[in-house]
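Open the model in your viewer and keep the selection box handy. We will go from stop to stop, and at each one you will hear what to select and what is there.

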Amino acid sequence: MKSLEQLVRPNIWSLAPYSSARDEYSGKEAHVFLDANENPYNDPYNRYPDPLQRELKAQIAKVKGIPAEMIFLGNGSDEAIDLPYRIFCEPGKDNVVAIEPTYGMYKVCADINNVEYRPVLLDEHYQMNADRLLAATDDHTKIIWMCSPNNPTGNSLNRDEMLKVVNQFQGIVIIDEAYSDFSAKQTMRSELARYKNLIVLNTFSKAWGLAAIRLGMAFASPEIIAIYNKVKYPYNVNQLTQQQALKALKDPFETDKWVKMLLGERARLMTAFQELPICEKVYPTDANFFLAKMTDAKKIYDYLVDRGIIVRNRHRVQLCQNCLRITIGMKGENNELLAALRQY
């Protein structure tokens with residue numbers, strides 16, 4: 001890969017980060033805080049949270065098997081997606097390449113940051129081709145985006161093809177593994193020690209059942225994480241979010257139990273969909289959702305909405321014509337969906 005100094009925007013490389021009051025005495029004990037213009041009343045919510053979330057990162061490190069210095073925590077994965085544009089991409093000059101179809105925020109963040117977004121269509125099996133992705137790059141391509149398991153298709157991308165991209169691309173490769181907890185495939189974060197240009201994303205929103213607290217993760221080399229921390233807002237993860245995440249991490253087996261139940265329901269629901277006359281195909285998945293090709297996705301979607309059942313209509317997404325994306329719910333919710341579809 002190119003050196004980080006070559007990849008990072010010059011103004012970001014030379015940026016002097018904001019120095020928060022909590023950073024300045026780091027490593028020393030203190031009990032009187034008269035430095036940050038805080039209200040001394042209403043403990044503990046009157047104090048600014050740890051800007052680097054040290055306690056939380058230490059617990060995540062144990063669960064994910066990644067050193068704390070290789071972890072960035074953001075206000076949802078959206079922050080971890082947006083920051084690379086601000087770190088690596090010169091607006092109006094640089095570009096990124098991504099698989100298509102995939103999660104829409106990669107393009108939204110590119111548009112917000114005035115960065116050209118180059119989608120490369122997957123094949124009929126929703127698989128990527130490394131050579132086609134690499135062929136879409138040029139000297140101004142700073143990032144290649146991949147999502148595995150992919151959203152909205154649900155399938156894991158071919159690992160050898162992903163590694164080929166990481167090995168051959170001179171810039172930053174970002175692999176979003178938001179749904180990896182539902183997959184038996186080996187995660188790409190296990191490759192971080194080998195590849196300094198690799199960033200792997202994860203989230204507390206899916207398997208951990210904590211979408212409401214907005215906590216995303218990025219795993220990368222300590223050097224890249226240091227730049228993330230330099231660019232982020234000082235107190236980007238609030239104290240309530242940190243506390244709730246720490247509480248969940250004390251009992252990771254509860255999350256494992258949820259995942260097993262959802263995988264069982266996923267198999268049952270997919271089998272039932274295959275038997276529906278209005279379902280033409282159910283696609284393989286490694287996520288907590290699956291994609292189903294229907295006879296008329298829009299009409300079926302509207303029919304379900306009228307009955308208070310919300311799924312995702314992906315008909316307008318490339319390669320997903322007449323497809324609905326079905327998130328796996330609790331058994332009763334899944335039964336209600338099936339009952340409605342059988343009456344269609």
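Start by selecting R325 and F289: R325 lies over the face of F289, at 5.5 Å from the ring centre. A charge counts as sitting over a ring if NZ of Lys or CZ of Arg is within 6 Å of the ring centre and within 35 degrees of the ring normal. Before you move on, note that this is a predicted model, where local features need pLDDT of at least 70 and side-chain atom pairs count only at pLDDT 80 or more, while totals for chains, interfaces and linings use all residues. Residues are numbered from 1 along each chain as its sequence is written, and side-chain values use heavy atoms, with hydrogens and water left out.

**The largest pocket**

Keep R325 selected and add Y103, N151, Y179 and K206. Of the 27 residues that line the largest pocket, these are the closest to its centre: Y103, N151, Y179, K206 and R325. The space in this pocket is about 580 Å³. A pocket here is an open set of points on a 1 Å grid over the protein atoms alone, where a 1.4 Å probe fits, with protein on both sides within 12 Å along at least five of seven lines; lining residues have an atom within 4 Å of a point. Grid points are joined across faces, edges and corners, and the volume is the space filled by probe spheres set on the points.

Which elements give two or more residues to the lining? They are α5 and β11 (323-327), and α5 gives the most, with three residues. Helices (H or I, at least four residues) and strands (E, at least two) are DSSP runs, numbered from the N terminus. By class, the lining has 10 nonpolar, eight polar and nine charged residues. For this count Ala, Val, Leu, Ile, Met, Phe, Trp, Tyr, Cys and Pro are nonpolar, Asp, Glu, Lys and Arg are charged, and the others, Gly among them, are polar.

**The aromatic cluster**

Stay on Y103 and add Y85, Y106 and W145, because rings of Phe, Tyr and Trp (its six-membered ring) pair if their centres lie within 6.5 Å, with planes under 30 degrees apart counted as stacked, over 60 as edge-to-face and the rest as tilted. By this rule the count comes to 10 aromatic pairs. Y85 and W145 are stacked, because their ring centres are 5.8 Å apart and their planes are at 25°. Y85 lies in helix α5 (residues 76-88) and W145 in strand β4 (residues 141-147), so this pair ties together parts that are 60 residues apart in sequence.

Both Y85 and W145 are buried; buried means under 20% relative accessible area, exposed over 50%, and partly exposed in between (1.4 Å probe, protein chains only). Next, Y103 and Y106 form an edge-to-face pair, 5.5 Å centre to centre with 85° between the planes. Is Y103 buried or partly exposed? Y103 is partly exposed, with a relative accessible area of 28%, whereas Y106 is buried at 0%. Y85, Y103, Y106 and W145 form one aromatic cluster.

**Cysteines**

Now select C279, C320 and C323. How many disulfides does a search of the whole structure find? It finds zero disulfides, a disulfide being a pair of cysteine sulfur atoms within 2.5 Å. The sulfur of C323 is 5.3 Å from the closest cysteine sulfur, in C320, too far for a bond. For C279 the closest cysteine sulfur is in C323, at 9.0 Å, also too far for a bond. C279 counts as buried at 10% relative accessibility, and C323 counts as buried at 1%.

**Backbone stops**

Most residues other than glycine have a negative phi, and most peptide bonds are trans. Select E100 and P101: the peptide bond between them is cis, with omega near 5°, and P101 is in the loop between β2 (95-100) and α6 (105-112). Another cis bond runs from N151 to P152, with omega near 20°; P152 is in the loop between β4 and α8 (159-168).

Then pick N37, which has a positive phi of about 55° although it is not a glycine. N37 is in the loop between α3 (21-24) and α4 (54-64) and is exposed, with a relative accessible area of 78%.

**A last stop**

Finish at A287, in the loop between β8 (279-282) and β9 (289-294). A287 is buried, with a relative accessible area of 0%. Its C-alpha atom is separated by 7.1 Å from that of S180, 107 residues apart along the chain.
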